[in-house]
Amino acid sequence: MLWSSAWCIFAGLGALYYALRTQVADCPHQPLTQQFGQSEAPGEGQLSSLNEPYWQLDKPPGVNSTGHLIFETVNSLLQHWPNTRMRNGHNIVPGTIPPGTLLYHGAWSSNLPRGPGWTATDPEHSILFCKRFVEEDGCWHLTLISTRPLKVVYFDGSSAAKAPFATMDSQDIIAWGFVQPSWSLAERDRIEDLCKWGRQYNVDGFVSEIMLCDFTSGVRLVSALNLAGPVMSSRSSRKSSRMFEAMYAGSWHNHYPGDTRIQLDLSGLVSFYDTELVPSLVSARSGQERWDHRLLNISREDVARVRARLREVLTRPTGQSSGVDWLAVTRAIVDRYSERLEFVRYLVDSVDTDDNDWNSVTGYAIKTQVQLKNMLVPYIPVKITPPSINLKINEVGAGVLNWARPTYRLCATTHTGVLKDDAMTSSEKVLLSAVRETTREICRVVTKMWGSGVLAGVDHSMGTVNVQEVETIQNLMKMWKKDIDELMAWLDWNVWVKCRPACDPEEICYLTTWPIGFPVPPPPPFPHKAGYLVQCPAFLSVGPPRIELADDWERPQPRCIRRVDPYEKSFRDHP
């Protein structure tokens, strides 16, 4: 009975396929843009001819392109893992903290702070700042709840790390108009000046940790508890436990959707990777890896433009945007391609391209071709026809792959092809451009790889499986490896950064996280205003035990560490 039902289903699908194919064949010929309703233009909104250079399969993005960086930083917002790895934040985004959100504050007493202060969304973090005057006394820990939507400004990266290594750059520009690395510990001055700037826009606070400007507005005290156990002596194992639990709580928000207690408005995103808004940083980034991107060399004119854009964003009436869910758009693309690209890399890495075993090399080439085809199935028109096959792989150039351009274009434009930017904010136009640039490069490389496989004779579905010399297939696999490695390095998606092999149950995958394993910055040479107070040394006195400098503190790499005592040993075990 089951087989009979399955046969009926397949027969029905076959009839449907035949009917649809007949309809397509009977349709009068139309330009591809009319058949598929595309309207995207390279940069302007109208699709260019397939014969124009824009759709050449050997034309990669420019060396100074930043669309993929905007795409990935947006894809990483509010997520602990990617912002710990790439701590040099480049985005400022307006947002809200909804009513009913609990916030936590470690304190010296049960009194609310009289001015600006710091809170955490998880008590494991704020308990580190729970203080006491007398050794035998407990320490005070306050729990608050938001009573209305709190208007906040979010800084991405490791923006809570008081370090002179780029984490404070964007905050310094808003607070002071320039980057001052030697003032990284001047957190009291920074929060007061940020709140002074934000007061004109009715900003309640800032999100690195959550910095509230006024503890008497928009929040209410739930409890003020004198806790018995959290504070330990500076070298105790229990102290390491508290620090580990704080980092473990951060790991709850490692990946998408991140910390959902902050709701961001991407239609107001301001990015320092926006080359039109901040052109002075283009030359400063030239030749640098992303780890090293900073805002140190930003011009005064660009600072003024950034502040003007933020003023526009923070004063814009609610609802004045296109309504596009940009996070959903980026997630759809990441979900569609991330695991498939990773699997393709696994396949091309699984074979020795110098091995003369024809069956092994060809077998992996066919498996890889299937995966490439799977990514492009929705974009391969029925009438697409490759030229004569059996070409040597070193003959597969851009011109030979012209037949695959319709697939490249359909793949590259499907997500954004019919989006009009008329109703979009300036920020949304930046996001649109970033999505277009990212999908275009993914589709260019995947189409190029697939088309090369078709011409090399390893594609069953295109009728091009032919016996080839092993050298031809070896060269194909080598070219594929180069293509997939370069694409994945260019995209640099955080979803691919993981512990390999996976950690044991008593371990957790970890990236070196400030302040553990980081150099301690010196205090500023001179306070820049009266009332200056460095808060960080007080934190360090109740924070983690002193541990030697991590080998990877500048470029954190994933590794497994212990979830149980002894923590110090696990923190010191670097690969």
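1. The disulfide between Cys411 and Cys443 is a good place to begin: with -65° about the S-S bond, this link is left-handed. The structure is a predicted model, and in it the sulfur atoms of Cys411 and Cys443 lie 2.0 Å apart. Cys411 belongs to helix H13 (residues 405-413) and Cys443 to helix H14, so the disulfide ties together parts of the chain that are 32 residues apart in sequence. Both ends are away from the surface, since Cys411 is buried with a relative accessible area of 1%, and Cys443 is buried with a relative accessible area of 0%.

2. The disulfide just described belongs to a set, for the structure holds 5 disulfides. When the bonded cysteines are counted along the chain, the pairing follows the pattern 1-2, 3-4, 5-6, 7-9, 8-10.

3. Another disulfide joins Cys499 to Cys509, with an S to S distance of 2.1 Å, and with 95° about the S-S bond this link is right-handed. Cys499 is found in the loop between H15 and strand S11 (507-510), whereas Cys509 is in strand S11 itself, and the two are 10 residues apart. Their surroundings are described by the accessibility values: Cys499, at 11% relative accessibility, counts as buried, while Cys509, at 22%, counts as partly exposed.

4. A further disulfide is formed by Cys503 and Cys560, whose sulfur atoms are 2.1 Å apart; with -90° about the S-S bond, the link is left-handed. This pair links distant parts of the chain, because Cys503 sits in the loop between H15 and S11 and Cys560 in strand S12 (residues 559-562), 57 residues apart. Cys503 is partly exposed, with a relative accessible area of 23%, and Cys560 is likewise partly exposed, with a relative accessible area of 26%.

5. Turning to charged side chains, a search of the whole structure finds 23 salt bridges. One of them is formed by Arg294 and Asp169, whose closest N and O atoms are 2.7 Å apart. Here too the partners come from distant parts of the chain, with Arg294 in the loop between helix H9 (280-285) and helix H10 (300-315), Asp169 in helix H6 (residues 169-176), and their positions 125 residues apart. Asp169 is buried, with a relative accessible area of 2%.

6. A second salt bridge to examine is that of Asp354 with Lys478, in which the closest N and O atoms are 3.4 Å apart. Asp354 lies in the loop between helix H11 (326-349) and helix H12 (358-376), and Lys478 lies in helix H15 (residues 470-491), so the pair ties together parts that are 124 residues apart in sequence. Asp354 counts as exposed, at 55% relative accessibility, whereas Lys478 is partly exposed, with a relative accessible area of 38%.

7. The salt bridge between the side chains of Glu441 and Arg444, at 2.8 Å from N to O, is a local one within a helix: both residues lie in helix H14 (residues 426-456), 3 residues apart, which is about one turn of the helix. Glu441 is buried, with a relative accessible area of 6%, and Arg444, at 8% relative accessibility, also counts as buried. Elsewhere, Arg85, Arg290 and Asp492 are linked in a network of salt bridges.

8. What, finally, can be said of the largest nonpolar core? This core has 76 residues, of which Tyr337, Leu341, Trp480 and Trp493 touch the most other members. Helix H14 gives the most to this core, with 14 residues. For Trp480, once its neighbours within four places in sequence are left aside, the residues in contact are Val348, Ala365, Thr368, Gln369, Leu372, Met449, Ser452, Gly453 and Val458. There is also a second, separate core of 32 residues, and its members include Ile173, Trp183, Leu277 and Leu281.

Terms used:
Residues are numbered from 1 along each chain as its sequence is written. This is a predicted model: local features need pLDDT of at least 70, side-chain atom pairs count only at pLDDT 80 or more; totals for chains, interfaces and linings use all residues. Side-chain values use heavy atoms; hydrogens and water are left out. A salt bridge is a side-chain nitrogen of Lys or Arg within 4 Å of a carboxyl oxygen of Asp or Glu. Helices (H or I, at least four residues) and strands (E, at least two) are DSSP runs, numbered from the N terminus. Buried means under 20% relative accessible area, exposed over 50%, partly exposed in between (1.4 Å probe, protein chains only). A nonpolar core is a set of buried Ala, Val, Leu, Ile, Met, Phe, Trp, Tyr and Cys residues joined through side-chain atoms within 4.5 Å. Contact means heavy atoms within 4.5 Å. A disulfide is a pair of cysteine sulfur atoms within 2.5 Å.
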